[in-house]
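Trainee: Got a minute to walk me through this one? I'd like to start with how the helices pack.

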Amino acid sequence: MASDLEFRFPLPQGLHARPASRIQEAAAGFAAEVFWDNLRTGQTADAKSVLSLIGSDTLLDDPCRIRAVGSDAEAAAAVLGKLVLETLPRDEAAVEEAPPPAGLSLPWILTGGRGAYFRGQAAGPGIVRGPAYVHDPEAEAARAPRTIAPEAVAFEAERLRSALAHQAAAIAARRDAEPDPTARAILTAHLAILRDRAFAAEAGRRIASNRLDAASAASAAGKLFRDRLGAARSRYIRERMADIADVTAGLVARLEGKQASARAIRPTGPSVLIADDLAPSEFLTLDKSLLLGLVLENAGLTSHTLIMARARCIPAAAGCPGLLHRIRTGEEVILDGNRGLVIPSPD
(Lines give C-alpha, C1' and ligand atoms only; values in the text may rest on other atoms or scores of the structure.)
Protein backbone atom coordinates (compact mmCIF):
# COMPACT_ATOMS: atom_id res chain seq x y z
CA MET A 1 0.00 0.00 0.00
CA ALA A 2 1.22 3.52 -0.82
CA SER A 3 0.01 7.01 0.01
CA ASP A 4 1.28 10.42 -1.17
CA LEU A 5 0.71 13.96 0.03
CA GLU A 6 1.91 17.07 -1.83
CA PHE A 7 2.17 20.52 -0.23
CA ARG A 8 4.18 23.74 0.00
CA PHE A 9 6.60 23.79 2.93
CA PRO A 10 5.26 26.28 5.49
CA LEU A 11 8.16 27.09 7.88
CA PRO A 12 9.94 30.42 7.28
CA GLN A 13 13.35 29.04 8.38
CA GLY A 14 13.17 25.89 6.27
CA LEU A 15 13.45 22.29 7.39
CA HIS A 16 16.07 22.49 10.15
CA ALA A 17 16.91 20.35 13.17
CA ARG A 18 13.93 21.00 15.45
CA PRO A 19 11.10 20.33 12.96
CA ALA A 20 13.13 17.55 11.32
CA SER A 21 13.41 15.80 14.68
CA ARG A 22 9.63 16.01 15.13
CA ILE A 23 9.02 14.57 11.64
CA GLN A 24 11.54 11.80 12.24
CA GLU A 25 9.94 10.89 15.56
CA ALA A 26 6.46 10.74 14.01
CA ALA A 27 7.62 8.72 10.99
CA ALA A 28 9.42 6.23 13.23
CA GLY A 29 6.08 5.31 14.79
CA PHE A 30 4.88 3.65 11.56
CA ALA A 31 5.89 0.39 9.95
CA ALA A 32 5.74 2.02 6.51
CA GLU A 33 8.86 3.45 4.93
CA VAL A 34 8.39 7.19 4.61
CA PHE A 35 10.17 9.40 2.08
CA TRP A 36 10.41 13.19 1.83
CA ASP A 37 10.70 14.52 -1.74
CA ASN A 38 11.84 18.11 -2.29
CA LEU A 39 10.37 18.74 -5.73
CA ARG A 40 12.43 21.93 -6.17
CA THR A 41 15.80 20.26 -5.74
CA GLY A 42 14.85 16.74 -6.79
CA GLN A 43 16.31 15.37 -3.53
CA THR A 44 14.68 12.48 -1.69
CA ALA A 45 15.22 12.09 2.05
CA ASP A 46 14.52 9.27 4.48
CA ALA A 47 11.85 10.75 6.78
CA LYS A 48 13.06 8.48 9.58
CA SER A 49 16.48 10.18 9.51
CA VAL A 50 16.74 13.73 10.85
CA LEU A 51 20.08 14.28 9.09
CA SER A 52 18.64 13.09 5.79
CA LEU A 53 15.69 15.47 6.22
CA ILE A 54 17.91 18.46 7.01
CA GLY A 55 20.10 17.60 4.03
CA SER A 56 17.13 17.90 1.65
CA ASP A 57 17.67 21.71 1.72
CA THR A 58 13.93 22.31 2.06
CA LEU A 59 13.09 26.03 2.20
CA LEU A 60 9.93 28.05 2.76
CA ASP A 61 7.32 27.43 0.05
CA ASP A 62 9.28 24.59 -1.60
CA PRO A 63 6.96 22.09 -3.31
CA CYS A 64 7.29 18.86 -1.35
CA ARG A 65 5.79 15.39 -1.23
CA ILE A 66 5.54 12.85 1.57
CA ARG A 67 5.50 9.28 0.23
CA ALA A 68 4.62 6.39 2.52
CA VAL A 69 4.93 2.76 1.43
CA GLY A 70 3.71 -0.06 3.65
CA SER A 71 0.76 -1.51 5.53
CA ASP A 72 -0.02 1.72 7.43
CA ALA A 73 1.00 4.13 4.66
CA GLU A 74 -2.29 6.04 4.60
CA ALA A 75 -2.20 6.72 8.35
CA ALA A 76 1.47 7.75 8.16
CA ALA A 77 0.82 10.28 5.39
CA ALA A 78 -2.17 11.73 7.25
CA VAL A 79 -0.34 12.11 10.57
CA LEU A 80 2.78 13.62 8.99
CA GLY A 81 0.71 15.96 6.84
CA LYS A 82 -1.09 17.33 9.89
CA LEU A 83 2.20 17.67 11.75
CA VAL A 84 3.90 19.61 8.94
CA LEU A 85 1.00 21.82 7.92
CA GLU A 86 -0.69 22.52 11.27
CA THR A 87 1.36 21.60 14.34
CA LEU A 88 4.90 22.63 13.36
CA PRO A 89 4.03 26.17 12.14
CA ARG A 90 2.33 26.86 15.48
CA ASP A 91 5.05 25.32 17.63
CA GLU A 92 7.97 26.87 15.74
CA ALA A 93 6.39 30.31 15.96
CA ALA A 94 6.27 29.90 19.74
CA VAL A 95 9.93 28.80 20.00
CA GLU A 96 11.50 31.30 17.61
CA GLU A 97 10.85 34.69 19.06
CA ALA A 98 11.97 37.49 16.75
CA PRO A 99 15.26 39.19 17.69
CA PRO A 100 15.11 42.86 18.64
CA PRO A 101 14.75 45.35 15.78
CA ALA A 102 17.94 46.34 14.00
CA GLY A 103 18.93 49.74 12.72
CA LEU A 104 18.58 51.80 15.92
CA SER A 105 20.74 54.90 15.88
CA LEU A 106 23.93 55.21 17.90
CA PRO A 107 23.76 57.03 21.23
CA TRP A 108 24.80 60.64 20.70
CA ILE A 109 27.80 60.27 23.02
CA LEU A 110 29.41 57.86 20.51
CA THR A 111 28.87 59.94 17.40
CA GLY A 112 31.70 62.06 16.10
CA GLY A 113 34.36 59.61 17.27
CA ARG A 114 33.91 60.40 20.96
CA GLY A 115 34.31 56.83 22.14
CA ALA A 116 35.47 53.40 21.04
CA TYR A 117 32.81 50.82 20.35
CA PHE A 118 32.10 47.63 18.43
CA ARG A 119 28.84 47.15 16.59
CA GLY A 120 27.30 43.92 15.41
CA GLN A 121 23.71 42.70 15.29
CA ALA A 122 21.09 43.11 17.99
CA ALA A 123 20.52 39.57 19.27
CA GLY A 124 18.77 39.93 22.64
CA PRO A 125 17.13 43.07 24.07
CA GLY A 126 18.46 44.87 27.11
CA ILE A 127 21.41 46.99 28.26
CA VAL A 128 23.92 45.83 30.87
CA ARG A 129 27.23 47.00 32.29
CA GLY A 130 29.81 44.77 33.94
CA PRO A 131 33.16 42.98 33.66
CA ALA A 132 33.91 40.92 30.57
CA TYR A 133 34.70 37.22 30.67
CA VAL A 134 36.54 36.34 27.45
CA HIS A 135 36.25 32.71 26.36
CA ASP A 136 38.94 32.11 23.75
CA PRO A 137 40.09 28.47 23.91
CA GLU A 138 43.10 27.65 21.82
CA ALA A 139 42.15 25.84 18.64
CA GLU A 140 42.69 22.14 19.14
CA ALA A 141 44.99 20.41 16.71
CA ALA A 142 43.12 18.33 14.19
CA ARG A 143 42.67 14.84 15.57
CA ALA A 144 44.54 12.36 13.43
CA PRO A 145 42.28 9.40 12.53
CA ARG A 146 43.29 6.20 14.29
CA THR A 147 43.17 2.92 12.43
CA ILE A 148 42.57 -0.48 13.98
CA ALA A 149 43.45 -4.08 13.22
CA PRO A 150 40.79 -6.16 11.41
CA GLU A 151 40.15 -8.25 14.53
CA ALA A 152 39.24 -5.08 16.48
CA VAL A 153 36.36 -4.06 14.17
CA ALA A 154 33.64 -5.81 16.18
CA PHE A 155 35.00 -4.39 19.45
CA GLU A 156 35.03 -0.80 18.11
CA ALA A 157 31.54 -1.22 16.61
CA GLU A 158 30.26 -2.25 20.05
CA ARG A 159 32.05 0.72 21.67
CA LEU A 160 30.30 3.02 19.22
CA ARG A 161 26.90 1.46 19.90
CA SER A 162 27.39 1.71 23.66
CA ALA A 163 28.60 5.32 23.50
CA LEU A 164 25.67 6.37 21.33
CA ALA A 165 23.23 4.81 23.80
CA HIS A 166 24.87 6.33 26.89
CA GLN A 167 25.28 9.79 25.34
CA ALA A 168 21.63 9.72 24.21
CA ALA A 169 20.57 8.81 27.74
CA ALA A 170 22.62 11.70 29.14
CA ILE A 171 21.07 14.23 26.74
CA ALA A 172 17.57 12.86 27.37
CA ALA A 173 18.09 13.23 31.13
CA ARG A 174 19.31 16.80 30.70
CA ARG A 175 16.33 17.59 28.47
CA ASP A 176 13.82 16.10 30.89
CA ALA A 177 15.29 18.14 33.75
CA GLU A 178 15.40 21.38 31.74
CA PRO A 179 12.57 23.79 32.71
CA ASP A 180 12.92 26.05 29.66
CA PRO A 181 10.79 24.86 26.69
CA THR A 182 13.15 26.45 24.15
CA ALA A 183 16.13 24.55 25.54
CA ARG A 184 14.07 21.34 25.67
CA ALA A 185 13.20 21.70 21.98
CA ILE A 186 16.87 22.19 21.06
CA LEU A 187 17.99 19.24 23.19
CA THR A 188 15.29 17.13 21.53
CA ALA A 189 16.82 18.04 18.16
CA HIS A 190 20.30 17.10 19.43
CA LEU A 191 18.92 13.81 20.70
CA ALA A 192 17.41 13.09 17.29
CA ILE A 193 20.80 13.73 15.62
CA LEU A 194 22.53 11.37 18.04
CA ARG A 195 19.91 8.64 17.51
CA ASP A 196 19.79 9.15 13.75
CA ARG A 197 20.13 5.87 11.89
CA ALA A 198 22.04 7.54 9.06
CA PHE A 199 24.65 8.86 11.49
CA ALA A 200 25.06 5.48 13.19
CA ALA A 201 25.24 3.71 9.82
CA GLU A 202 27.88 6.10 8.47
CA ALA A 203 30.04 5.83 11.58
CA GLY A 204 29.65 2.05 11.54
CA ARG A 205 30.67 1.95 7.88
CA ARG A 206 33.83 3.90 8.69
CA ILE A 207 34.74 1.30 11.32
CA ALA A 208 34.03 -1.69 9.08
CA SER A 209 35.34 -0.40 5.74
CA ASN A 210 38.00 2.16 6.71
CA ARG A 211 39.04 0.35 9.91
CA LEU A 212 38.81 3.50 12.02
CA ASP A 213 38.45 3.39 15.77
CA ALA A 214 35.04 4.43 17.13
CA ALA A 215 36.03 8.01 17.99
CA SER A 216 37.59 8.62 14.58
CA ALA A 217 34.57 7.07 12.86
CA ALA A 218 32.15 9.28 14.80
CA SER A 219 34.23 12.36 14.02
CA ALA A 220 34.32 11.50 10.31
CA ALA A 221 30.57 10.87 10.18
CA GLY A 222 29.90 14.23 11.84
CA LYS A 223 32.12 16.02 9.32
CA LEU A 224 30.34 14.34 6.41
CA PHE A 225 26.93 15.59 7.54
CA ARG A 226 28.26 19.06 8.40
CA ASP A 227 29.71 19.33 4.90
CA ARG A 228 26.36 18.38 3.40
CA LEU A 229 24.62 21.14 5.34
CA GLY A 230 27.31 23.58 4.25
CA ALA A 231 25.94 23.37 0.71
CA ALA A 232 22.41 24.42 1.73
CA ARG A 233 21.00 27.67 0.35
CA SER A 234 19.52 28.72 3.67
CA ARG A 235 21.93 30.33 6.14
CA TYR A 236 19.70 29.09 8.95
CA ILE A 237 20.13 25.49 7.81
CA ARG A 238 23.89 26.02 7.33
CA GLU A 239 24.10 27.24 10.93
CA ARG A 240 22.76 23.88 12.08
CA MET A 241 26.27 22.59 11.29
CA ALA A 242 27.09 23.86 14.79
CA ASP A 243 24.51 21.51 16.30
CA ILE A 244 26.01 18.49 14.52
CA ALA A 245 29.49 19.60 15.67
CA ASP A 246 28.24 19.95 19.24
CA VAL A 247 26.63 16.49 19.27
CA THR A 248 29.67 14.90 17.63
CA ALA A 249 32.09 16.55 20.08
CA GLY A 250 30.15 15.19 23.05
CA LEU A 251 30.11 11.68 21.58
CA VAL A 252 33.83 11.75 20.74
CA ALA A 253 34.65 13.02 24.24
CA ARG A 254 32.72 10.10 25.73
CA LEU A 255 34.54 7.62 23.49
CA GLU A 256 37.88 9.12 24.53
CA GLY A 257 36.99 9.02 28.22
CA LYS A 258 36.91 12.80 28.68
CA GLN A 259 34.63 14.46 31.19
CA ALA A 260 31.88 16.74 29.86
CA SER A 261 32.87 19.23 32.58
CA ALA A 262 36.14 19.84 30.74
CA ARG A 263 34.19 21.97 28.24
CA ALA A 264 32.42 23.99 30.94
CA ILE A 265 32.88 27.77 31.18
CA ARG A 266 33.07 29.11 34.73
CA PRO A 267 33.11 32.88 35.28
CA THR A 268 34.11 33.78 38.83
CA GLY A 269 31.41 36.44 39.14
CA PRO A 270 28.63 38.21 37.22
CA SER A 271 30.08 38.83 33.75
CA VAL A 272 29.38 39.65 30.12
CA LEU A 273 30.54 36.52 28.29
CA ILE A 274 32.42 37.23 25.05
CA ALA A 275 33.30 34.36 22.72
CA ASP A 276 33.85 33.57 19.07
CA ASP A 277 30.88 31.19 19.25
CA LEU A 278 29.29 29.00 21.89
CA ALA A 279 27.83 25.52 21.50
CA PRO A 280 24.35 24.95 22.94
CA SER A 281 25.76 22.35 25.36
CA GLU A 282 28.29 24.92 26.64
CA PHE A 283 25.53 27.49 27.15
CA LEU A 284 23.38 25.00 29.06
CA THR A 285 26.21 24.24 31.51
CA LEU A 286 26.72 27.93 32.32
CA ASP A 287 25.61 29.31 35.67
CA LYS A 288 22.99 31.71 34.26
CA SER A 289 22.97 33.71 37.49
CA LEU A 290 26.48 34.89 36.55
CA LEU A 291 25.61 35.67 32.91
CA LEU A 292 24.89 39.39 32.61
CA GLY A 293 25.03 39.34 28.82
CA LEU A 294 26.39 37.42 25.84
CA VAL A 295 28.41 38.50 22.80
CA LEU A 296 29.24 35.97 20.05
CA GLU A 297 31.62 37.39 17.49
CA ASN A 298 30.92 34.93 14.67
CA ALA A 299 27.43 33.56 15.38
CA GLY A 300 24.30 34.43 13.42
CA LEU A 301 21.00 35.55 14.90
CA THR A 302 19.54 32.09 14.39
CA SER A 303 22.24 30.39 16.49
CA HIS A 304 20.52 27.97 18.87
CA THR A 305 22.63 29.43 21.68
CA LEU A 306 21.32 32.94 20.97
CA ILE A 307 17.75 31.62 20.69
CA MET A 308 18.10 30.16 24.19
CA ALA A 309 19.64 33.39 25.48
CA ARG A 310 16.70 35.41 24.12
CA ALA A 311 14.26 33.01 25.73
CA ARG A 312 15.93 33.81 29.07
CA CYS A 313 15.85 37.58 28.39
CA ILE A 314 19.66 37.80 28.40
CA PRO A 315 21.01 40.88 26.54
CA ALA A 316 23.04 39.68 23.57
CA ALA A 317 24.88 40.78 20.43
CA ALA A 318 26.19 38.81 17.46
CA GLY A 319 28.78 39.43 14.79
CA CYS A 320 31.10 42.05 16.31
CA PRO A 321 34.26 41.68 14.16
CA GLY A 322 37.57 42.11 15.97
CA LEU A 323 36.05 42.22 19.45
CA LEU A 324 37.40 38.99 20.90
CA HIS A 325 41.06 39.99 20.80
CA ARG A 326 40.50 43.62 21.82
CA ILE A 327 38.89 43.02 25.23
CA ARG A 328 40.47 41.41 28.29
CA THR A 329 38.77 39.36 30.97
CA GLY A 330 37.84 41.70 33.80
CA GLU A 331 37.65 44.80 31.60
CA GLU A 332 34.39 46.68 32.12
CA VAL A 333 32.04 46.83 29.14
CA ILE A 334 28.59 48.11 28.27
CA LEU A 335 26.50 45.74 26.15
CA ASP A 336 23.48 47.21 24.39
CA GLY A 337 21.54 44.25 23.02
CA ASN A 338 18.97 46.59 21.42
CA ARG A 339 21.63 47.93 19.04
CA GLY A 340 24.18 45.10 18.95
CA LEU A 341 26.64 47.50 20.56
CA VAL A 342 29.62 46.80 22.84
CA ILE A 343 31.51 49.66 24.50
CA PRO A 344 34.82 48.69 26.17
CA SER A 345 36.17 50.57 29.21
CA PRO A 346 33.44 53.25 29.25
CA ASP A 347 34.48 56.45 30.97
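Mentor: Sure. Keep in mind that this is a predicted model. Helices α4 and α6 are roughly antiparallel to each other. Their axes cross at roughly 160° and come within 9 Å.

Trainee: Which residues does each helix use there, α4 on one side and α6 on the other?

Mentor: From α4 you have Val-153, Glu-156, Ala-157, Leu-160 and Leu-164. They meet Phe-199, Ala-200, Ala-203, Gly-204, Ile-207 and Ala-208 in α6. By class, the α4 and α6 contact residues are nine nonpolar, one polar and one charged.

Trainee: And what is the handedness where α4 passes α6?

Mentor: Right-handed.

Trainee: OK, moving along the chain. How do α6 and α7 cross?

Mentor: Helix α7 covers residues 214-230, and its axis comes within 8 Å of the α6 axis, with a crossing of roughly 130°. That angle makes α6 oblique to α7. The crossing of this pair is right-handed.

Trainee: What residues make that contact between α6 and α7?

Mentor: On the α6 side, Ala-198, Phe-199, Glu-202, Ala-203, Arg-206 and Ile-207. On the α7 side, Ala-214, Ala-217, Ala-218, Ala-220, Ala-221, Gly-222, Leu-224 and Phe-225. The α6 and α7 contact comes out at eleven nonpolar, one polar and two charged residues.

Trainee: What about the loop between α6 and α7, which residue there has a phi near 55°?

Mentor: That's Arg-211, in the loop between α6 and α7. Its phi is near 55°, a positive value in a residue other than glycine.

Trainee: Why point that out?

Mentor: Because most residues other than glycine have a negative phi.

Trainee: Is Arg-211 buried or partly exposed?

Mentor: Partly exposed, at a relative accessible area of 37%. Asp-57 also has a positive phi, of about 55°, and is not a glycine either. You'll find Asp-57 in the loop between α2 (50-54) and β4 (63-69). Asp-57 is buried, with a relative accessible area of 9%.

Trainee: Back to α4 for a second. How does α4 sit against α9?

Mentor: Helix α9 spans residues 241-255, and the two axes come within 10 Å and cross at roughly 120°. That makes α4 oblique to α9. Here too the handedness is right-handed.

Trainee: And which residues of α4 and α9 meet?

Mentor: In α4 they are Arg-159, Leu-160, Ala-163, Leu-164, His-166, Gln-167 and Ala-170. Their partners in α9 are Gly-250, Leu-251, Arg-254 and Leu-255. The split for α4 with α9 is six nonpolar, three polar and two charged.

Trainee: Where does Arg-161 belong, and how exposed is Arg-161?

Mentor: Arg-161 is in α4. Its relative accessible area is 47%, so call it partly exposed.

Trainee: Switching to the core. Which residues touch the most other members of the largest nonpolar core?

Mentor: Ile-23, Trp-36, Phe-283 and Leu-294, out of 82 residues in that core. Another core lies apart from it, with 15 residues, including Ala-132, Val-295, Leu-323 and Val-342.

Trainee: What is Phe-283 in contact with?

Mentor: Setting aside neighbours within four places in sequence, Phe-283 is in contact with Leu-278, Lys-288, Leu-291, Leu-294, Thr-305, Met-308, Ala-309, Arg-312 and Ile-314.

Trainee: And Leu-306, where does that lie?

Mentor: In helix α11, residues 304-311. Leu-306 has 0% relative accessibility, so it counts as buried. Beyond neighbours within four places in sequence, Leu-306 has contacts that include Ala-123, Leu-294, Leu-296 and Ala-318.

Trainee: Last one. How far apart are Asp-276 and His-135 in sequence and in space?

Mentor: They're 141 residues apart in sequence, and 7.7 Å apart C-alpha to C-alpha. Asp-276 is in the loop between β8 (271-275) and α10 (280-285). Asp-276 touches His-135, and leaving out residues up to four places away in sequence, the other residues it touches are Leu-296, Glu-297, Asn-298, Ala-299 and Leu-324.

Trainee: Is Asp-276 buried or partly exposed?

Mentor: Partly exposed, at 34% relative accessibility.

Terms used
Residues numbered from 1 in each chain as written. Predicted model: local features only at pLDDT ≥ 70, side-chain atom pairs only at ≥ 80, totals over all residues. Heavy atoms only, no water. Axes fitted to C-alpha atoms, helices over the stretch in contact; angles between N-to-C directions. Helix = DSSP H or I, 4+ residues; strand = E, 2+ residues; numbered from the N terminus. Parallel < 35°, antiparallel > 145°, perpendicular 65-115°, else oblique. Left-handed = near helix turned anticlockwise from the far one by under 90°. Contact = heavy atoms within 4.5 Å. Nonpolar A, V, L, I, M, F, W, Y, C, P; charged D, E, K, R; others polar. Buried < 20%, exposed > 50% of the residue type's maximum accessible area, 1.4 Å probe, protein only. Core = buried A, V, L, I, M, F, W, Y, C linked by side-chain atoms within 4.5 Å.
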